[in-house]
Every structure is written in C-alpha cells, then in structure tokens.
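Here are some notes to read alongside the model, written for someone who is meeting it for the first time. Please keep the structure open while going through the points, and look up each residue as it is named.

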Amino acid sequence: MQDVASLKAVGDNQGARQRLKDAYAQSPAALGLALELAREFIAHDDIHAAETVHEQLAAANPVANKAPLVTLIAAAYLD
C-alpha cells in the first residue's frame, strides 16, 4: 500500500491503480485491498468493476465482514 501512496503522491494514478489491481490479484481475500481497489474504481465511475471486486472477495473470503465494501458501493449508486 505504501508504493500505491507513493505513486499517487507523484501523480502516477494509472500506476497506482495498476499496482492495486496486481496486489489484489495476488491476495483476493484481503478486505483492505478490496476496499482500496473498489474506491479507485468508484472514483473513476466504474461501479460495475467495484461490484466485481465484491464478488471476488465473497468467493475468496466468505467469512469476511463485507459491510464496508457493500456500503461503499451502495453510496456510489446513491450519488
């Protein structure tokens, strides 16, 4: 996550998003990564990609508390 923040700090948003995607692909059960990636997708008006992240997390980690992710996606629909 530090490298993502560093990339964002220097204005490399595309690189930061790609790094998040790569990290999540390696750890699809990680709720923190799922939240950050979903935030990135929503910030770029791609709610469907955020929903895909939710589906992947649910499959990889069925016992995770997905409420923060669901809330994030629901709020995006309401905006």
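1. Arg39 and Glu36 both belong to helix α3, where three residues, about one turn of the helix, separate them. The two form a salt bridge, and their closest N and O atoms are 2.7 Å apart. Both partners are partly exposed, Arg39 having a relative accessible area of 40% and Glu36 one of 25%. Please bear in mind throughout that this is a predicted model.

2. How many salt bridges does a search of the whole structure find? The search finds four, and the pair just described is one of the bridges in this model. As general background, side chains of opposite charge can pair when their charged atoms come close.

3. A second bridge joins Arg19 to Asp3, with 2.5 Å between the closest N and O atoms. Arg19 lies in helix α2 (residues 13-26) and Asp3 in helix α1 (residues 2-9), so this pair ties together parts that are 16 residues apart in sequence. Arg19 is partly exposed at 31% relative accessible area, and Asp3 likewise counts as partly exposed, at 32%.

4. Glu40 also forms a salt bridge, in this case with Lys8, and the closest N and O atoms of the pair are 2.6 Å apart. Here distant parts of the chain are linked, since Glu40 sits in helix α3 (residues 31-43) and Lys8 in helix α1, 32 residues apart. Is Glu40 buried or exposed? Glu40 is buried, with a relative accessible area of 9%, whereas Lys8 is partly exposed at 35%. The pair should also be read together with Arg17, as Lys8, Arg17 and Glu40 are linked in a network of salt bridges.

5. The packing of α2 and α3 deserves a careful look. The axes of these helices come within 10 Å and cross at roughly 145 degrees, and α2 passes α3 in a left-handed crossing. On the α2 side the contact is made by Arg17, Leu20, Lys21, Ala23 and Tyr24, while α3 contributes Leu33, Ala34, Glu36, Leu37, Glu40 and Phe41.

6. Leu20, in helix α2, is a useful residue from which to inspect that contact. At 1% relative accessibility Leu20 counts as buried, and, leaving aside residues up to four places away in sequence, Leu20 touches Met1, Val4, Leu33, Glu36, Leu37 and Glu40. The C-alpha atoms of Leu20 and Glu36 are separated by 7.6 Å, although the two residues are 16 residues apart along the chain.

7. Finally, consider Lys66, which lies in the loop between α4 (47-60) and α5 (67-78). What is the nearest side chain of opposite charge to Lys66, and how far away is it? That side chain is Glu55, 13 Å away, and Lys66 is buried yet has no salt bridge. Backbone oxygens do lie beside the Lys66 side chain: that of Ala64 is 3.0 Å from one of its polar atoms, and that of Pro62 is 3.3 Å from a polar atom of the Lys66 side chain. Not counting residues up to four places away in sequence, Lys66 touches His54, Leu57, Ala58 and Asn61.

Conventions. Residues numbered from 1 in each chain as written. Predicted model: local features only at pLDDT ≥ 70, side-chain atom pairs only at ≥ 80, totals over all residues. Heavy atoms only, no water. Helix = DSSP H or I, 4+ residues; strand = E, 2+ residues; numbered from the N terminus. Buried < 20%, exposed > 50% of the residue type's maximum accessible area, 1.4 Å probe, protein only. Lys, Arg positive; Asp, Glu negative; His and termini not counted. Polar contact = N/O pair within 3.5 Å; in protein donor to acceptor, adjacent residues only side chain to side chain. Contact = heavy atoms within 4.5 Å. Axes fitted to C-alpha atoms, helices over the stretch in contact; angles between N-to-C directions. Left-handed = near helix turned anticlockwise from the far one by under 90°.
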